[in-house]
Amino acid sequence: MPEPGYSRGQWKSNLGFILAASGSAIGLGNIVFFSANAYKFGGGAFYLPYFIALFAIGIPIMILEFGLGHHTGQAFPLALRRTVGKGGEFIGWFAIINATFICMYYITILSWVLGMLLGSFGGLWKESVAVPAFGLAAGDLPNPYAFFFNMLSSWWVLLLVLAVWIANIYIVRQGARTIESTVKVFVPLMWLFMLILLVRGLTLDNGPQGMLLLFTPNFEVMRDLDVWQGAFSQIFFTLSLGFGIMCAYSSYLPKKTDLTNNSLMTSFLNCGFEYIAGIAIFTILFATVLIPKASTLSMMFFIIPSGISEMPGGDPMVLIFGILFFILLLAAGLSSSISLVEAFSSALIDKFRANREKVLVWSFIVGTCGSLLFALPQVIDKGLADDGTLGFTLLDLVDHWAFSHGLLIVGLIECILLGWVYGVRKIRRTINEHSKYRLPAAYDWMIKLIIPLLIAGVLGFSIHSQIKDPAGLYGTAYSKNYTVDWSWVKFLPQIALWLWIGCAVGGSAILTFRRSKKVGPEE
Ligand code: TRP
């Protein structure tokens, strides 16, 4: 019986759902992180682990998360509670809080993207300027770098973060309805812009050779388990799995929906986009003789912009492609971040029957504070020129836990709970009712056994090597020379780890055991 005053939305069409789900999946991860990882792990060496991860883990879990949301009609925590009880709900909240960390710094990055976009209309592509905050004179750094550092150390960041959060809240104000109308514009736009960049990259002199670099395998590297952890986490991140997002989105689907087909479409659209982006970026960088370094953020803000500034055609072309690149990032990033804002809002609304406006106002306040914390400029490494990393220590450190570990932990436990405790067969049966392609019984064993073993192997290896090397345990490998010598700054690695554990575990416990007002303890 629907309760008065509590109505869950529904997608207007299946196309709207596919656009929203693929819009969530396609984001900064596809455009920049994939290329940066592919380069870091030796180009072609990344492809095989990535492909294996896509088919062995990504698609089956996508089907599972779609199935769970559709089957229960609830956001992630309550969906897991209805299927496996309180323990499940705890994991559901853990996923949401872990993803909220990711969302906060993702929005910080998007604010910098917005700043670079605005800067493109001003001086960004012109002469190099001084960076007074770091004691650098004009000409010390190439211009995109100098512009970026000036932006970071100015009060502008505050406005940029506010603007991006307001955009997020505005887009999800009426849930599925307003999300659907936004992605109908954003998703086609980003495909168009990406294809323009691809054509430009491929038609540059020497461009196509960059493609070879991307596709030349390096089998040596593949023996390194780090590559596998990189590929597994990248698949979770890029497909928005382990965030609770896909469950929330599919809970707005009508009963008669072909979920297998929807999962395959979403996964292939996402990975197709990722490949196209990889080719576009490698061709542009190769043609402009820039060999990218490992860090993802420096790739986004320095290396690709430097490549663009070398494009033939002079100032007008540089301006056009610069603007195009940053609009592309912004559209792709926003259509991803909104999906998490919706995932946690709908989780709170489902459980506490809270009022949507109130939830959104609080999300805005908490989210903005979090994103500002990640934007604090005191933790920038001035020695960035040596290794191409930025040393945004807090951001890197939290990313090390929430992205490289958190998503995998959620995936592992979700498979075990749904596989063994609830019985994945029941979910498979409801999926098969309306799907043209019927999932075979072997699917159950993928979820129950194969995927947990693969993830546990990679996670176990990672945790083992970090405990063996305690510096690695706190991610101190990331900490650099700080630009300030406040005494607490050197504890940042510990702070980041305990902040993450405290919020994710403590917060999940509180949310799980708080009784939902109108529904009572055992709905
Ligand atoms: N899939 C996105 C990407 O590849 C990541 C993502 C999706 C995300 N939803 C999110 C990140 C919400 C932060 C918040 O970029």
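This is a short tour of a predicted model, with stops at its ligand and at three pairs of packed helices.

**Stop 1: the ligand**

Start by selecting the ligand and whatever surrounds it. There are 18 residues around the ligand, and Ser-24, Ala-25, Gly-29, Tyr-106 and Phe-237 come nearest. Now pick out some polar atoms. Show the side chain of Tyr-106: one of its polar atoms sits 2.7 Å from an oxygen atom of the ligand. Next, try Asn-30, where a side-chain N or O atom is 3.1 Å from an oxygen atom of the ligand. For Ser-336, turn on the backbone instead, since a backbone N or O atom there lies 3.2 Å from a nitrogen atom of the ligand.

**Stop 2: α1 and α12**

Keep Ala-25 in view, and select helix α1 (residues 14-25) together with helix α12 (residues 259-287). Their axes come within 9 Å and cross at roughly 40°, so α1 and α12 are oblique to each other. The crossing is right-handed. On the α1 side, light up Asn-14, Phe-17, Ile-18, Ala-21, Ser-22 and Ala-25; they meet Asn-262, Met-265, Thr-266, Leu-269 and Asn-270 of α12. Colour this contact by class and you get six nonpolar, five polar and no charged residues.

**Stop 3: α5 and α7**

Go on to helix α5 (residues 86-121) and helix α7 (residues 156-171). Here the axes are 8 Å apart and the packing angle is about 110°, which means α5 is roughly perpendicular to α7. α5 passes α7 in a right-handed crossing. To see what touches, show residues of α5 including Ile-107, Trp-112 and Leu-118, then residues of α7 including Val-157, Trp-165 and Asn-168. The contact of α5 with α7 has eleven nonpolar, three polar and no charged residues.

**Stop 4: α8 and α14**

Finish with helix α8 (residues 176-202) and helix α14 (residues 314-352). Which way does α8 cross α14, left-handed or right-handed? Rotate the pair and have a look: the crossing is left-handed. The two axes come within 9 Å, at roughly 145°. Among the α8 residues in this contact are Phe-186, Met-190, Phe-193 and Arg-200, while α14 brings residues including Phe-321, Phe-325, Ser-335 and Glu-342. By class, the contact of α8 with α14 has 18 nonpolar, one polar and two charged residues.

Key
Residues are numbered from 1 along each chain as its sequence is written. This is a predicted model: local features need pLDDT of at least 70, side-chain atom pairs count only at pLDDT 80 or more; totals for chains, interfaces and linings use all residues. Side-chain values use heavy atoms; hydrogens and water are left out. Axes are lines fitted to C-alpha atoms, for helices over the stretch in contact, and angles run from 0 to 180 degrees between N-to-C directions. Helices (H or I, at least four residues) and strands (E, at least two) are DSSP runs, numbered from the N terminus. Angles under 35 degrees count as roughly parallel, over 145 as roughly antiparallel, 65 to 115 as roughly perpendicular and the rest as oblique. A crossing is left-handed if the near helix is turned anticlockwise from the far one by less than a right angle, and right-handed if clockwise. Contact means heavy atoms within 4.5 Å. Ala, Val, Leu, Ile, Met, Phe, Trp, Tyr, Cys and Pro count as nonpolar, Asp, Glu, Lys and Arg as charged, and the others, Gly among them, as polar. A residue is near a molecule or strand if one of its heavy atoms lies within 4 Å of it. A polar contact is a pair of N or O atoms within 3.5 Å; within protein, one must be able to donate a hydrogen and the other to accept it, and residues adjacent in sequence count only if both atoms are side-chain atoms.
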